[in-house]
2 protein chains.
Amino acid sequence: MTHRRKVFFVSDRTGITAEVLGHSLITQFEDIDFQRTTLPFIDTIEKAQAVAQQLGDICMQEGHRPVVFSTMVDSQIRNALRQRNNALHLDFFEKFIDPLEQEFGMQSSHTMGKSHAIDDNDDYKTRIDAVNFTMANDDGGQTKYYEEADVILVGVSRSGKTPTCLYLALHYGIRAANYPLVPEDFGSMTLPSVLQPYRNKLYGLTIRADRLQQIRNERKPDSKYASLDNCRFEIAEAEALMRRERISFQDATHKSVEELASTLIHTAGLTRRLF
Amino acid sequence: MTHRRKVFFVSDRTGITAEVLGHSLITQFEDIDFQRTTLPFIDTIEKAQAVAQQLGDICMQEGHRPVVFSTMVDSQIRNALRQRNNALHLDFFEKFIDPLEQEFGMQSSHTMGKSHAIDDNDDYKTRIDAVNFTMANDDGGQTKYYEEADVILVGVSRSGKTPTCLYLALHYGIRAANYPLVPEDFGSMTLPSVLQPYRNKLYGLTIRADRLQQIRNERKPDSKYASLDNCRFEIAEAEALMRRERISFQDATHKSVEELASTLIHTAGLTRRLF
């Protein structure tokens, strides 16, 4: 019998931090089937009381307590959320703000919405510029702005370059272009000429052939492009090219976009432009 | 005198969770100038010992302890990180896993890398499909696939539609198209005809005129497009159109992309396809 539990991510703002925290914890309990609900913008005592009521009802119906991961900056609203004591409440600020206040010898601002607010316009501009750059320099569509790129991802078609670049731009403000390695690039023993001036910005992705076949087959079913033989050929050639040219690369097969992006920053020593 | 402190985000995996959580805490201390370093993939006792050494050195040099936000699943590695006791260590797993284990009556898996791992291929496909959809349906470039969109963002040029759509796709697997409202749309009293069949998918962004002027001026300095008068005109017309057509919209001026995306999901009642 699968164990099922309801979990709630409750926040006075977007709920993103509560989701990240709660998600990282509940994924450690693989045998439980979690039903997740995010309740953002719970920023008044009245709203918190309504949630407390809802939690109480669930506790009655389910026969066990729901779990609440919360990020409530205001302790009065936090207390209102708890008033019926019908949930396991894990509040992130409550646990960690105290030791930090002690360490720094000062009070925290207890202000809602700091975490995902726009700190300043420079950060906003950095992020938007990186997103625009990445959109405009996707998939080898144009190559004339590679001088301005922080990194240029290379790899066979459908190896995960585009989402990795977008993640780098959105989260780290990194200007990430990408260039697909296609069969025409494999005959010669050298890098495509447009890439040669930017050798120090190149970073590769590769993927397992059976996985690539699966991904490509959803896009172009039963094509030569998607065939296992062709996927094997392209991957072998692309890896040989990257080795020959000393381009470091990672295998995207079992990695999420987050993992690919953070590994790339770490390995390539990229400087993030945003925190 | 500004108070400066070094903070470290340390993880056995990417460090993304530690960063998000630590960031939301330190932004509550506005008067401190934090210098941040992420140390990902600290997944052996030896690596943790090397970090502990580094922390000790910093403590000596700075005269106060660095702060470490960590997500270390393995308690032995976590302990190795602490062995010199020269930092304030706040580990997110440590604080919350115990109460969860008690609540669920079971041990957690204590496995690294669950949080950002690829749970299954369906999730991967959902995400990539959403990213591809959003890239292909950006900026009104094509409109023939709007039937497949989960949401279509409208708003004047440079109001924040593209990054919001990409965030929705990457984080929530939502297929988000966007369509710019341009001066040609304002003369008639109706929605652009391509949007009319999808009225229930429309959601608007607006922005303050002085902010829009600033953003547009970076793109096309001293143009009519960027002039304050024109920005005011376009915004007034776009808002009038959205009101007339009963399209709900939010002001993007002071909101981050995360806030815009999560507010949109909440307000429009969108179903996220990924957690």
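On the outward side of helix H8 of chain B, Asp229(B) and Arg243(B) are exposed. Keep in mind as you look that this is a predicted model.

Now turn to the other side of the helix. Which residues of H8(B) are buried? They are Asn230(B), Cys231(B), Glu234(B), Ile235(B), Ala238(B), Glu239(B), Leu241(B) and Met242(B). Viewed down the helix axis, these buried residues fall within an arc of 160°, so they line one face of H8(B). A general rule helps here: an α-helix has 3.6 residues a turn, so residues three or four places apart point the same way.

What do the buried residues of H8(B) pack against? Their partners in chain B are strand E5 (151–155), strand E7 (202–206), helix H7 (209–219) and strand E8 (249–251).

You can also check the length of H8(B), which covers residues 228–244 of chain B. Its 17 residues, at 1.5 Å a residue, should span 24 Å, and the end C-alpha atoms are 24 Å apart, which agrees. Just after the helix, Arg246(B) takes a positive phi of about 55°.

Next comes the contact between chain B and chain A, summed up here.

| Feature of the contact | Value |
|---|---|
| Residues from chain B | 85 residues |
| Residues from chain A | 85 residues |
| Buried area | about 8000 Å² |
| Share of that area from carbon and sulfur atoms | 66% |
| Salt bridges | eleven salt bridges |
| Polar contacts (both residues at pLDDT 80 or more) | 13 residue pairs |

Helix H4 (residues 92–104) of chain B gives the most to the side of chain B that touches chain A, with ten residues. For a salt bridge to find yourself, try Glu259(A) with Arg13(B), where the closest N and O atoms are 2.1 Å apart.

Notes: Residues numbered from 1 in each chain as written. Chains lettered and ligands numbered in written order. Predicted model: local features only at pLDDT ≥ 70, side-chain atom pairs only at ≥ 80, totals over all residues. Heavy atoms only, no water. Helix = DSSP H or I, 4+ residues; strand = E, 2+ residues; numbered from the N terminus. Expected span 1.5 Å × (residues − 1). Buried < 20%, exposed > 50% of the residue type's maximum accessible area, 1.4 Å probe, protein only. Arc of directions from axis to C-beta. Contact = heavy atoms within 4.5 Å. Buried area = accessible area lost by both parts, 1.4 Å probe. Salt bridge = Lys/Arg side-chain N within 4 Å of Asp/Glu carboxyl O. Polar contact = N/O pair within 3.5 Å; in protein donor to acceptor, adjacent residues only side chain to side chain.
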